[in-house]
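Subject: Structure handover

Hello,

The structure we discussed follows, and my notes come after it. Please read them with the model open.

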Protein chains: 2
Amino acid sequence: MVDDALRLWFCHLMSDRLDSVFAALADPTRRAILAMLLEDDMAVTDVAEPFEMSLAAISKHLGILSRAGLIQQEKRGRVKWCKLDPDALREASVWMQGFGQFEAVNLDAFERFLASELPDDPPPHG
Amino acid sequence: MVDDALRLWFCHLMSDRLDSVFAALADPTRRAILAMLLEDDMAVTDVAEPFEMSLAAISKHLGILSRAGLIQQEKRGRVKWCKLDPDALREASVWMQGFGQFEAVNLDAFERFLASELPDDPPPHG
DNA sequence: AGTATATTCAACCGAATGGTTGACGATGCT
DNA sequence: AGCATCGTCAACCATTCGGTTGAATATACT
């Protein structure tokens, strides 16, 4: 049995963590970085390469992702390797599932959403 | 198989929406509001009651949640009722699932859906 | 009609965010 | 040793964010 003070403390801890995870995910550059790291571990410079912003900016983004627990960074020699750490994402996902009367991936709702968004921006196809 | 142009378009499309959803979720007050609405629909004043901040502040938070698609607001008489709308959460969840187990987003089904939906029937947006 | 209630608007404020640049400490190469 | 590369730090800037307050609008009550 968990007493109320402990529960409060737990929620508070959880709250800070969710703050930083969701805030980290709220930026398209950082989501793009995560997507890149999904395919392979990368050095900071290589992460920065496809983006049209300074290395320092990317370095900051990586710091935010790291502090949120979404990636891990390990320095080997003079290069710092970045790898995805999906644990924090999983926590956030668990939180979200609490709202889900939804089974993991509901493609129907997904498609309904897309249908509502379609007219704006036709896909560059063909 | 989905071609790269389509994937790019897809990412761009989702991007704005994900920005606002994750940004909305990155605030503990707003997450608390969502948790309250999970139990029941509420009027703005009632949502504000347990928080130690002004009604105007809560009204702003509700606006952010609403614009992110996380809640729906309906005015009946002089009271505006707020209800949870888990669709946006579901979309964000879909995105996150991509980083967990790799059934990823089913882009094949997505493409088939687009093929059937794109040519005519442009749904009104906004 | 007059008053109370529900909600938003507008203007403001301090702090945080996302970016820049230039200098800097470390590490590797020759 | 000398130089190039990797990455961060510090200072700055414009914009956004989360909050306040007071006025305004719309609806309900008597």
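**Around DNA strand C**

The surface near DNA strand C divides by class into 9 nonpolar, 5 polar and 7 charged residues. Please keep in mind that this is a predicted model.

DNA strand C is surrounded by 21 residues. The closest come from both chains: A:Lys60 and A:His61, with B:Thr45, B:Ser59 and B:Lys80. Sugar or phosphate supplies 65% of the strand C atoms within 4 Å of the protein, and bases supply the rest.

Three polar pairs are worth a look here:

- A:Ser54 places a polar side-chain atom 2.8 Å from a phosphate oxygen of DNA strand C.
- B:Lys80 has a polar side-chain atom 2.7 Å from a phosphate oxygen of this strand.
- B:Arg78 goes to a base oxygen instead, with a polar side-chain atom at 2.9 Å.

Which elements give two or more residues to the surface near DNA strand C? Chain A offers H4. Chain B offers helix H3 (44-48), H4 and strand E3 (79-84). The largest share is that of H4(A), with 5 residues.

**Around DNA strand D**

Now the other strand. DNA strand D has 21 residues around it. Among these, the closest are A:Thr45, A:Ser59 and A:Lys80 from chain A, plus B:Lys60 and B:His61 from chain B. Of the strand D atoms that come within 4 Å of the protein, 67% are sugar and phosphate.

Again, three polar pairs:

- A:Arg78 has a polar side-chain atom 3.0 Å from a base oxygen of DNA strand D.
- B:Lys60 also goes to a base oxygen of this strand, with a side-chain N or O atom at 2.4 Å.
- B:Ser54 brings a side-chain N or O atom to 2.8 Å from a phosphate oxygen of DNA strand D.

Several elements give two or more residues to this surface. From chain A they are helix H3 (44-48), helix H4 (55-67) and strand E3 (79-84). From chain B it is helix H4 (55-67). H4(B) gives the most, with 5 residues. By class, the surface near DNA strand D holds 9 nonpolar, 5 polar and 7 charged residues.

**H2 against H4, in each chain**

Start with chain A. The axes of helix H2 (residues 28-39) and H4(A) come within 10 Å and cross at roughly 75°. An angle from 65 to 115 degrees counts as roughly perpendicular, so H2(A) is roughly perpendicular to H4(A). On the H2(A) side, the contact uses A:Thr29, A:Arg30, A:Ile33 and A:Leu34. On the H4(A) side, it uses A:Ile58, A:His61, A:Leu62, A:Ile64 and A:Leu65. By class, these residues are 6 nonpolar, 2 polar and 1 charged. Note that A:His61 in this contact is also listed among the closest residues to DNA strand C.

Then chain B. Helix H2 (residues 28-39) packs on H4(B) at about 75°, with the axes 10 Å apart. H2(B) and H4(B) are therefore roughly perpendicular to each other. H2(B) brings B:Thr29, B:Arg30, B:Ile33 and B:Leu34 to the contact. H4(B) brings B:Ile58, B:His61, B:Leu62, B:Ile64 and B:Leu65. The classes are 6 nonpolar, 2 polar and 1 charged. B:His61 belongs to this contact and is listed among the closest residues to DNA strand D.

**H5 against H5, between the chains**

Last, the helix pair across the two chains. Helix H5 (residues 87-97) of chain A and helix H5 (residues 87-97) of chain B have axes that come within 10 Å. These axes cross at roughly 150°. Is the pair roughly parallel or roughly antiparallel? The angle makes H5(A) roughly antiparallel to H5(B), because the class covers angles over 145 degrees. The crossing is left-handed.

From H5(A), the residues in contact are A:Leu89, A:Ala92, A:Ser93, A:Trp95, A:Met96 and A:Gln97. They meet B:Leu89, B:Ala92, B:Ser93, B:Trp95, B:Met96 and B:Gln97 of H5(B). By class, this contact has 8 nonpolar and 4 polar residues, and no charged ones.

Best wishes

Terms used:
Residues are numbered from 1 along each chain as its sequence is written. Chains are lettered from A and ligands numbered from 1 in the order in which they are written. This is a predicted model: local features need pLDDT of at least 70, side-chain atom pairs count only at pLDDT 80 or more; totals for chains, interfaces and linings use all residues. Side-chain values use heavy atoms; hydrogens and water are left out. Axes are lines fitted to C-alpha atoms, for helices over the stretch in contact, and angles run from 0 to 180 degrees between N-to-C directions. Helices (H or I, at least four residues) and strands (E, at least two) are DSSP runs, numbered from the N terminus. Angles under 35 degrees count as roughly parallel, over 145 as roughly antiparallel, 65 to 115 as roughly perpendicular and the rest as oblique. A crossing is left-handed if the near helix is turned anticlockwise from the far one by less than a right angle, and right-handed if clockwise. Contact means heavy atoms within 4.5 Å. Ala, Val, Leu, Ile, Met, Phe, Trp, Tyr, Cys and Pro count as nonpolar, Asp, Glu, Lys and Arg as charged, and the others, Gly among them, as polar. A residue is near a molecule or strand if one of its heavy atoms lies within 4 Å of it. A polar contact is a pair of N or O atoms within 3.5 Å; within protein, one must be able to donate a hydrogen and the other to accept it, and residues adjacent in sequence count only if both atoms are side-chain atoms.
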